[in-house]
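Trainee: I'd like to go through this structure with you and check what the usual labels rest on. Can we take them one at a time?

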Amino acid sequence: MGANEKFFPGLDGVIAAETKISFLDTVQSEIVIQGYDLIKLSQSKEYLDIVHLLLEERLPDSAEKATLEQKLKSEYEIPSELLNIFKHLPENTHPMDGLRTGISALAGYDSNLDERSLSVNKNRAYQLLGKVPNIVANSYRVIQKLEPIRSNESLSYSANFFYMITGRIPTPLEEKIFDRSLVLYSEHEMPNSTFTARVIASTQSDLYGALTGAVASLKGNLHGGANEAVMYMLNEAGNVEKFEELLETKLFKKEKIMGFGHRVYMKKMDPRALMMKQALKELCDLKGDHTLYEMCEAGERIMEREKGIYPNLDYYAAPVYWMLGIPIPLYTPIFFSARTVGLSAHVIEQHSNNRLFRPRVHYTGERRVFHSTTGEL
Ligand code: COA
């Protein structure tokens with residue numbers, strides 16, 4: 001390597017793109033989305049406001065929001081052949097793999113696939129925002145040999161998504177909390193999946209391919225898969241004492257505790273986690289059972305004391321989804337569904353000002369001599 005060719009394992013701290021979409025302001029502890037603080041937005045705005053903000057670069061007025069909702073509703077249907085594809089997948093297919101297959105297959109239905117203009121790309125993003133919740137819900141159901149659920153257009157976007165994954169119309173509180181989780185998951189600067197999507201888009205490949213790659217990235221438990229892993233851990237323990245024991249044992253074995261830590265704000269609480277912690281409290285109050293809340297708080301105390309590491313969004317989103325009655329294997333697909341808008345915005349931005357990603361390596365192998373005349377090694 002030359003003097004200026006420094007290697008940063010995991011690209012830690014490396015600036016990989018210029019963007020107007022979002023950034024994590026670690027000085028002011030703000031998640032900046034199109035200039036606004038995501039946490040403040042999440043207190044009064046809904047997921048569809050954020051969709052409009054990310055794709056149209058401004059918050060909608062009520063008429064624009066209603067038009068957007070109608071547009072997404074008109075895109076809810078998925079090709080019936082997709083359900084057939086899901087039928088042929090083995091029963092142990094993870095919903096993230098079903099989702100990856102579904103998004104990948106949609107490319108074949110796009111008659112304009114080679115077009116990358118802003119308007120076509122945006123329209124494609126809206127189509128995907130309409131269809132991804134349907135794919136999440138029904139790929140899971142069909143693979144589980146359950147009857148698919150048709151979307152219910154009399155419900156809001158988030159209530160319909162909730163209905164399709166649970167078969168139940170949410171109460172107003174459940175709808176509000178579920179929608180808030182989608183807001184919090186919608187966009188988060190340059191995590192691995194967004195980087196993956198931008199790298200794919202930089203070859204001039206299409207939105208479906210970029211999102212398909214992003215699903216694979218998000219599935220890993222160092223990224224989106226953490227929310228499912230958190231819930232399995234909480235369920236395995238079942239109460240505060242056993243959860244404390246479980247965490248102590250894992251830490252003794254030097255295992256990573258899912259739902260804790262973050263590349264950018266390792267030594268601070270993810271502000272999104274705090275919002276979901278409040279939601280968990282509300283749900284526990286309503287149920288009159290605070291076991292999960294107390295377990296999570298006990299986990300927080302242990303991690304702060306032992307490692308000085310704090311919860312990320314997945315740590316509190318998981319028990320919130322549990323309290324909402326959502327099947328655990330759908331936690332990461334829901335995260336992806338919410339992130340579809342952020343990922344699409346990044347792919348559109350990449351396409352509109354593109355330079356191919358093609359980094360270099362620090363070669364640590366040896367140099368050998370090949371004798372081409374004798375073939376000797
Ligand atoms: N549990 C226990 N220790 C953790 C930890 C966790 N969840 N996250 C980080 N650490 C520790 C590491 O062991 C390491 O300690 P050391 O310096 O004593 O060896 C230090 O913190 C730095 O961790 P590292 O893995 O190098 O940080 P990273 O930036 O590469 O990783 C994550 C970031 C998110 C991958 C990591 O925190 C993690 O694996 N978290 C759990 C998975 C998760 O919740 N993912 C969702 C992220 S939003």
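Mentor: Sure, let's start with Leu54, which has a relative accessibility of 4%. A quick note on the source: this is a predicted model, where local features need pLDDT of at least 70, side-chain atom pairs count only at pLDDT 80 or more, and totals for chains, interfaces and linings use all residues. Residues are numbered from 1 along each chain as its sequence is written, and side-chain values use heavy atoms, with hydrogens and water left out.

Trainee: Why is Leu54 called buried?

Mentor: Buried means under 20% relative accessible area, exposed over 50%, and partly exposed in between (1.4 Å probe, protein chains only). Leu54 is at 4%, so it counts as buried.

Trainee: Where does Leu54 sit, and what does Leu54 touch?

Mentor: Leu54 is in helix H2, residues 47-56; helices here are DSSP runs (H or I, at least four residues), numbered from the N terminus. Leaving out residues up to four places away in sequence, Leu54 touches Ile21, Ile33, Gln34, Ser186, Glu187, Val341, Gly342 and Ala345. Contact means heavy atoms within 4.5 Å.

Trainee: And what label does Ser205 get, at 25% relative accessibility?

Mentor: Ser205 counts as partly exposed, because 25% falls between the two cut-offs. Ser205 lies in the loop between H9 and H10 and touches Arg116, Ile200 and His351, again not counting residues up to four places away in sequence.

Trainee: What makes His188 buried or exposed?

Mentor: Its relative accessible area is 5%, so His188 is buried. His188 is also in a loop, the one between helix H8 (172-185) and helix H9 (192-201). Among the residues that His188 touches are Ser22, His262, Tyr265 and Arg339.

Trainee: How do you know that the length of helix H5 agrees with its residue count?

Mentor: The expected span is 1.5 Å times one less than the number of residues. H5 has twelve residues (95-106), so it should span 16 Å, and its end C-alpha atoms are 16 Å apart, which agrees.

Trainee: Which residues of H5 are buried, and what covers them?

Mentor: Pro95, Met96, Asp97, Gly98, Leu99, Gly102, Ile103 and Leu106 are buried. Their cover includes helix H4 (80-87), helix H6 (118-143), helix H10 (207-219) and helix H16 (331-352).

Trainee: What makes helix H7 "mostly covered"?

Mentor: Nine of the ten residues of H7 (157-166) are buried, including Asn160, Phe161 and Phe162. H2, helix H3 (62-73), H6, H8 and H16 are among what covers them. After H7 comes Gly167, with a positive phi near 80 degrees.

Trainee: Now the ligand. Which residues are the closest?

Mentor: Lys256, Ile257, Gly259, Phe260 and Arg263 are the closest of the 18 residues around the ligand; to be near, a residue needs a heavy atom within 4 Å.

Trainee: Why is the pair between Lys256 and the ligand called a polar contact?

Mentor: A polar contact is a pair of N or O atoms within 3.5 Å; within protein, one must be able to donate a hydrogen and the other to accept it, and residues adjacent in sequence count only if both atoms are side-chain atoms. A polar side-chain atom of Lys256 lies 2.7 Å from a ligand oxygen, so the pair falls within the 3.5 Å limit. A backbone N or O atom of Gly259 is 2.8 Å from an oxygen atom of the ligand, and one of Phe260 is 2.8 Å from a ligand nitrogen.

Definitions and conventions:
Helices (H or I, at least four residues) and strands (E, at least two) are DSSP runs, numbered from the N terminus.
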